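Biologist: I have the sequence and the fold open side by side, so could you walk me through what you see?

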Amino acid sequence: MKTGYAFKNCNVIYGEAGRGVDTHMTILIQDGLIQEIGKASDVAVPGHYQAIDVEGKYVMPGLINAHVHLFADGKPFTLSASEGLLDFAFHHLLDTRLGRSVLKKRMKRNALTALHSGVTTMRSVGEFLYTDVQLRDEIKANQFVGPNLLVSGYFLSVTGGHGAPYLALVGDSPWEARRNVRINVKNGVDLIKICVTGGVTDARTVGEAGRLQMTEEEVAAICEEAHKIGIRVAAHVESTEGVRIALKGGVDTIEHGAEMDEEIINLYQNNPRALKGYTALIPTLQAAYPSAKLDLSLTKVSETVKENSRRVYDSMLKGVRQAVEHGIQIGVGTDAAMPYVTHYDLWRELDHFMRQTKLNPRRIIEQVTKSNAEILGIDHLTGSIDIGKQADLIVLEQNPLDNIQALADTAMVMVRGNLIQTPSVTRIQAVDELLDLVWTIQE
Ligand SMILES: [Zn+2]
């Protein structure tokens with residue numbers, strides 16, 4: 001049996017925009033779950049519980065990052081090596097016993113970095129060699145205390161498509177696409193990630209990032225195959241036409257996204273082929289912004305990457321504003337692992353989102369907790385401070401509703417009732433410096 005805990009003198013933020021902050025609260029935790037929440041005078045603390053006085057601090061649900069990759073940490077990288085070199089590196093370095101073990105250690109380190117920064121749930125959307133499935137299973141088996149992980153295994157892509165061939169299972173027809181869903185499912189994934197258009201990281205020409213790669217028939221076959229066993233489909237999409245095809249095919253989330261028209265707005269809100277009858281948008285603003293807006297001398301990216309990033313960012317931002325305006329369900333993801341996106345500063349994405357949409361802090365906190373849990377289909381387990389939910393919570397020194405940057409200073413983290421009393425994160429100084437610069441110039 002796990003230790004029982006009593007958090008005393010809490011200022012509680014519940015993860016719901018409609019609920020205010022409750023002060024002088026006691027929260028009891030038992031067997032990894034939230035057992036009781038109430039005014040100090042109404043809650044009796046069992047003598048054998050470990051009491052933690054958090055006077056003056058704020059307790060809120062652990063953060064959920066709905067779009068990450070664990071294989072990298074946010075230091076800049078390029079994929080400009082020749083095909084022969086990449087092929088050699090994959091088969092002779094990565095896909096070996098040693099290679100897989102090194103990769104898994106690095107993924108574990110990134111997952112722990114996220115956890116210590118307050119991210120108690122991560123949805124990983126594209127990894128190599130099913131190392132993500134193994135890591136999730138190690139955490140589930142309590143081999144170490146890690147975040148809740150939802151994993152997708154390989155991307156599903158087309159010949160020559162985004163992530164292919166090393167990060168993706170390739171299929172060129174609805175039936176091949178169905179087979180690839182079945183392969184990922186057999187290997188234990190929680191969701192399916194597909195690439196409907198090209199992407200910035202491996203585009204060789206300007207315009208390739210948003211270029212349509214999958215057909216509606218392929219997307220529909222994938223969604224039908226996944227939905228019949230109740231798992232969701234997340235679609236990487238970086239153009240308006242790509243979003244249309246993905247929505248018509250019935251995906252559950254659009255990752256990144258693009259400018260919408262009326263047909264697209266309606267499909268987000270009411271999508272008969274999606275598992276829950278609607279599709280959510282998970283933008284990743286911070287992932288595109290530095291490469292799109294900063295000088296090449298700072299980011300060291302190629303002219304092609306910069307121009308593709310600029311197009312993707314501008315269109316994604318329009319899509320985000322339209323989603324807010326039309327009440328489309330919006331989640332939060334960062335694309336951590338991509339250049340200049342670390343695993344430890346999710347607050348930057350929230351800050352960016354707020355600046356660009358004028359959404360209030362209560363709404364943004366709800367988005368990164370309760371709404372994300374709903375979108376991922378785990379709201380019965382986590383995403384809010386409620387009796388019976390997993391004890392996935394963070395303790396903050398300052399009130400994030402006053403200043404979202406308060407999320408950068410996590411005093412304690414608890415995941416499934418496991419307490420991390422003094423979280424510590426190893427930061428990447430060069431990346432931080434660039435992101436701080438972005439923060440000062442952003443309008
Ligand atoms: Zn991604």
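Modeller: With the caution that this is a predicted model, I would start from an open sheet of 6 strands, which are paired in parallel and follow the order β10-β9-β11-β12-β13-β14.

Biologist: Which strands stand at the edges?

Modeller: Those are β10 (168-170) and β14 (280-282), and each has a single partner strand, so one side of each is left without a neighbour in the sheet. From one strand to the next, the twist averages 30°.

Biologist: How many bridges join β12 to β13?

Modeller: Strand β12 (residues 232-237) and strand β13 (residues 253-256) run parallel and are joined by 4 bridges; looking at one residue, Ala-235 has Ile-254 in β13 as its bridge partner.

Biologist: Switching to helices, at what angle do α10 and α11 cross?

Modeller: The axes of α10 (residues 303-325) and α11 (residues 347-357) cross at roughly 70° and come within 10 Å, and since angles of 65 to 115 degrees count as roughly perpendicular, the two helices are therefore described that way.

Biologist: Which residues make that contact?

Modeller: From α10 there are Tyr-313, Leu-317, Val-320, Arg-321 and Val-324, while α11 brings His-352, Phe-353, Gln-356 and Thr-357. By type, the residues of this contact divide into 5 nonpolar, 3 polar and 1 charged.

Biologist: And how is the protein divided into domains?

Modeller: Domain 1 takes in 5-61 + 382-420, whereas domain 2 covers 63-376, and their C-alpha centres lie 30 Å apart. The contact takes 28 residues from domain 1 and 26 residues from domain 2, and the area buried between the domains is about 2200 Å², with carbon and sulfur atoms giving 69% of that area.

Technical notes
Residues numbered from 1 in each chain as written. Predicted model: local features only at pLDDT ≥ 70, side-chain atom pairs only at ≥ 80, totals over all residues. Heavy atoms only, no water. Axes fitted to C-alpha atoms, helices over the stretch in contact; angles between N-to-C directions. Parallel < 35°, antiparallel > 145°, perpendicular 65-115°, else oblique. Contact = heavy atoms within 4.5 Å. Nonpolar A, V, L, I, M, F, W, Y, C, P; charged D, E, K, R; others polar. Pairing = 2+ DSSP bridges. Domains from an automatic or database assignment. Buried area = accessible area lost by both parts, 1.4 Å probe.
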